[in-house]
Amino acid sequence: MTPARRRALAAGLAAAVAACAPPAHPRLTPALAPAAPAPAAASPAAADGHTPHDMGAMPGMGSDLPAMAPVPIPAGVLYTEADVRFLQHMIAHHAQAIAMSRLAVPRAANPRLLRLAQKIDQSQAAEIATMQQWLRANGQAAPDTASWHTMTMAGMLTPAQMAELGAARGAAFDRLFLTGMIRHHEGALRMVADLFAAPRAAQDVDVSVLANDVETTQTAEIAVMRRMLAEP
């Protein structure tokens, strides 16, 4: 995709994100369906059924991706180890964004922020399902949505930052959410840039389309969130 085409798509998507309520996504998996509003005292980790104790005491729990698992690359395929790692890591990256977004339901003050959070939840859940399906179809380990507890990538919030977000309410939550999600999205864009810079990576059409979708969508959402932050 050319830079001009990406910019055009990003501009169009930004307008849609700003104006529309989140659509129901037909590919949303039951495991990632929007969570019911969490009780006010719930911890951020409770968004996907984990407790803070789980996060620190049981590394790897809930993920089927062994630490430092080798990436078998069959002869004759178009994809590379960089492609596989990108998808594995992006699943964990998306999963934390979903956990952040689900905190917005009982905490956000701005209705537009709440709609954006719901859109991020639904769109990234669908992308996780796509990435998991690709990995399994190609005989690769596919992390689940608990992987964000044990895998750290660019832009991801620390456990302390997630706890701070979970404890905030109203305008304070909105500002923490926007600054945190902008940072999170910027991390995803760096992951895409690293993928495109890796030798022979992103030649597989599915990997290329997904990486371009992440870049286009999250670039547009960053623009929307920066405008929200600038509002009085």
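Select Ala202 first. With a relative accessible area of 11%, Ala202 is buried, because the cut-off for buried is under 20%. The model is predicted. Ala202 sits in the loop between H7 and H8. Check its backbone: Ala202 is not a glycine, yet its phi is positive, at about 60°. Most residues other than glycine have a negative phi.

Now select Arg200. Arg200 also belongs to the loop between H7 and H8. Its phi is positive too, near 65°, and Arg200 is likewise not a glycine. Is Arg200 buried or exposed? Arg200 counts as exposed, at 61% relative accessibility, because the cut-off for exposed is over 50%. Show Arg200 and Ala202 together: the loop between H7 and H8 holds exposed Arg200 and buried Ala202.

**The two helices that flank the loop**

Select residues 170-197 for H7 and residues 205-230 for H8. Two packed helices are described by the angle between their axes and the distance between the axes. What are the angle and the axis distance for H7 and H8? The angle is about 150°, and the axes lie 9 Å apart. Angles over 145 degrees count as roughly antiparallel, so H7 and H8 are roughly antiparallel to each other. The crossing of H7 past H8 is left-handed. Color the residues of this contact by type: 15 are nonpolar, five are polar and five are charged.

**A buried histidine**

Stay on H7 and select His185, which is found in this helix. How accessible is His185? His185 has 0% relative accessibility and counts as buried. Show its neighbors, leaving out residues up to four places away in sequence. His185 touches Ile120, Gln124, Gln218, Glu221, Ile222 and Met225. Next, draw a C-alpha to C-alpha distance from His185 to His94. The two are 9.4 Å apart in space, while 91 residues separate them in sequence.

**H5 against H7**

Add H5, residues 111-137. H5 and H7 pack at an angle of about 35°, and their axes are 11 Å apart. Their crossing is left-handed. Which residues form the contact? From H5, select Leu113, Ala117, Ile120 and Gln124. From H7, select Phe173, Asp174, Phe177, Leu178, Met181 and His185. The contact of H5 with H7 divides into seven nonpolar residues, two polar and one charged. His185, the buried residue from the previous stop, is one of the H7 residues here.

While H5 is on screen, pick Lys119, which lies in this helix. Lys119 is buried, with a relative accessible area of 15%. Then draw the C-alpha distance from Lys119 to Ser101. The value is 8.8 Å, for residues 18 apart along the chain.

**H6 against H7**

Add H6, residues 159-167. The angle between H6 and H7 is about 145°, with the axes 9 Å apart. This crossing is left-handed as well. Which residues make the contact? On the H6 side, select Gln161, Glu164 and Leu165. On the H7 side, select Phe173, Leu176, Phe177 and Arg183. By type, the contact of H6 with H7 has four nonpolar residues, one polar and two charged. Keep Phe173 and Phe177 selected: both appear in the contact with H6 and in the contact with H5.

**A proline between H2 and H3**

Move to Pro74. Where does Pro74 sit? The residue is in the loop between helix H2 (52-57) and helix H3 (81-102). Pro74 counts as partly exposed, at 40% relative accessibility. Now add Asn138. The C-alpha atoms of Pro74 and Asn138 are separated by 9.2 Å, with their positions 64 residues apart along the chain.

**Zoom out**

Clear the selections and show the whole chain. How many helices and strands are there? The chain has eight helices and zero strands. Along the sequence, the pattern reads α-α-α-α-α-α-α-α. Of the 232 residues, 45% are buried. Switch on the surface: the accessible area comes to about 10700 Å², and 62% of this belongs to carbon and sulfur atoms. Finish with a contact map. Among contacts between residues at least 6 apart in sequence, 81% join residues at least 24 apart.

Conventions:
Residues are numbered from 1 along each chain as its sequence is written. This is a predicted model: local features need pLDDT of at least 70, side-chain atom pairs count only at pLDDT 80 or more; totals for chains, interfaces and linings use all residues. Side-chain values use heavy atoms; hydrogens and water are left out. Axes are lines fitted to C-alpha atoms, for helices over the stretch in contact, and angles run from 0 to 180 degrees between N-to-C directions. Helices (H or I, at least four residues) and strands (E, at least two) are DSSP runs, numbered from the N terminus. Angles under 35 degrees count as roughly parallel, over 145 as roughly antiparallel, 65 to 115 as roughly perpendicular and the rest as oblique. A crossing is left-handed if the near helix is turned anticlockwise from the far one by less than a right angle, and right-handed if clockwise. Ala, Val, Leu, Ile, Met, Phe, Trp, Tyr, Cys and Pro count as nonpolar, Asp, Glu, Lys and Arg as charged, and the others, Gly among them, as polar. Buried means under 20% relative accessible area, exposed over 50%, partly exposed in between (1.4 Å probe, protein chains only). Contact means heavy atoms within 4.5 Å. Accessible areas come from the Shrake-Rupley method with a 1.4 Å probe; for residues, only the protein chains shown count as cover.
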